[in-house]
Amino acid sequence: MFADAKNSLKSILDWLDGTDEAGWERQIELGEECRSDMERMACPIYSGARKGGHTFGPERDPNAGRLNRAIPHIRAMLNAMRNRNRVAALEHGRAGLAVM
């Protein structure tokens, strides 16, 4: 799932790097799905598993730290995209991808 989110982000950045003005809404939708997946993966999973009378703590995706650092950049990218600011969206998206 991490690789899927990363590939989706790369696809959005490729689109932003182009000149197509007709696909903004679709790219924003894809970005929102990507952000949502990233947030879901970054959240701890509470399983309540017990072993020998001890409750284990929450499970975390091994990429959670990178996702938590990337998510603010992705949110900023989406805000820039809603404002049709291609330059700012690219800047924030590339920063998010760099920490992933």
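**Figure 1. Arg-86, a buried arginine in a predicted model****.** Arg-86 has 15% relative accessibility. Buried means under 20%, so Arg-86 counts as buried. The residue belongs to helix H4, which covers residues 86-99. Its side chain makes polar contacts with two backbone oxygens. One is the oxygen of Leu-16, at 3.0 Å from a polar atom of the Arg-86 side chain. The other is the oxygen of Gly-18, at 3.1 Å. Leaving aside residues up to four places away in sequence, Arg-86 touches Trp-15, Leu-16, Gly-18, Thr-19, Asp-20, Glu-21 and Trp-24.

**Figure 2. Helix H2 and its buried face****.** H2 runs over residues 24-42, 19 residues in total. From first C-alpha to last, H2 reaches 27 Å, close to the 27 Å expected at 1.5 Å a residue. Its buried residues are Trp-24, Gln-27, Ile-28, Gly-31, Cys-34, Arg-35, Met-38, Met-41 and Ala-42. Seen down the helix axis, these buried residues fall within an arc of 150 degrees, so they line one face of H2. They pack against helices H1 (2-16), H3 (64-82) and H4.

**Figure 3. The Arg-26 to Glu-29 salt bridge in H2****.** The two side chains meet at 3.3 Å, N to O. Arg-26 and Glu-29 are three residues apart, about one turn of the helix. An α-helix has 3.6 residues a turn, so residues three or four places apart point the same way. Arg-26 is partly exposed at 44% relative accessibility. Glu-29 is also partly exposed, at 43%.

**Figure 4. Arg-35, Glu-39 and the salt-bridge network****.** The closest N and O atoms of Arg-35 and Glu-39 are 2.7 Å apart. About one helical turn separates the pair, because they sit four residues apart in H2. Arg-35 is buried, with a relative accessible area of 18%. Glu-39 is partly exposed at 21% relative accessibility. Both residues belong to a network of salt bridges that also links Glu-32, Arg-75 and Arg-82. The structure holds nine salt bridges.

**Figure 5. The Arg-40 to Asp-37 salt bridge in H2****.** Here the closest N and O atoms lie 2.8 Å apart. Arg-40 and Asp-37 are three residues apart in the helix, so about one helical turn separates them. Arg-40 is partly exposed, with a relative accessible area of 48%. Asp-37 counts as partly exposed too, at 25% relative accessibility.

Technical notes: Residues numbered from 1 in each chain as written. Predicted model: local features only at pLDDT ≥ 70, side-chain atom pairs only at ≥ 80, totals over all residues. Heavy atoms only, no water. Helix = DSSP H or I, 4+ residues; strand = E, 2+ residues; numbered from the N terminus. Buried < 20%, exposed > 50% of the residue type's maximum accessible area, 1.4 Å probe, protein only. Polar contact = N/O pair within 3.5 Å; in protein donor to acceptor, adjacent residues only side chain to side chain. Contact = heavy atoms within 4.5 Å. Expected span 1.5 Å × (residues − 1). Arc of directions from axis to C-beta. Salt bridge = Lys/Arg side-chain N within 4 Å of Asp/Glu carboxyl O.
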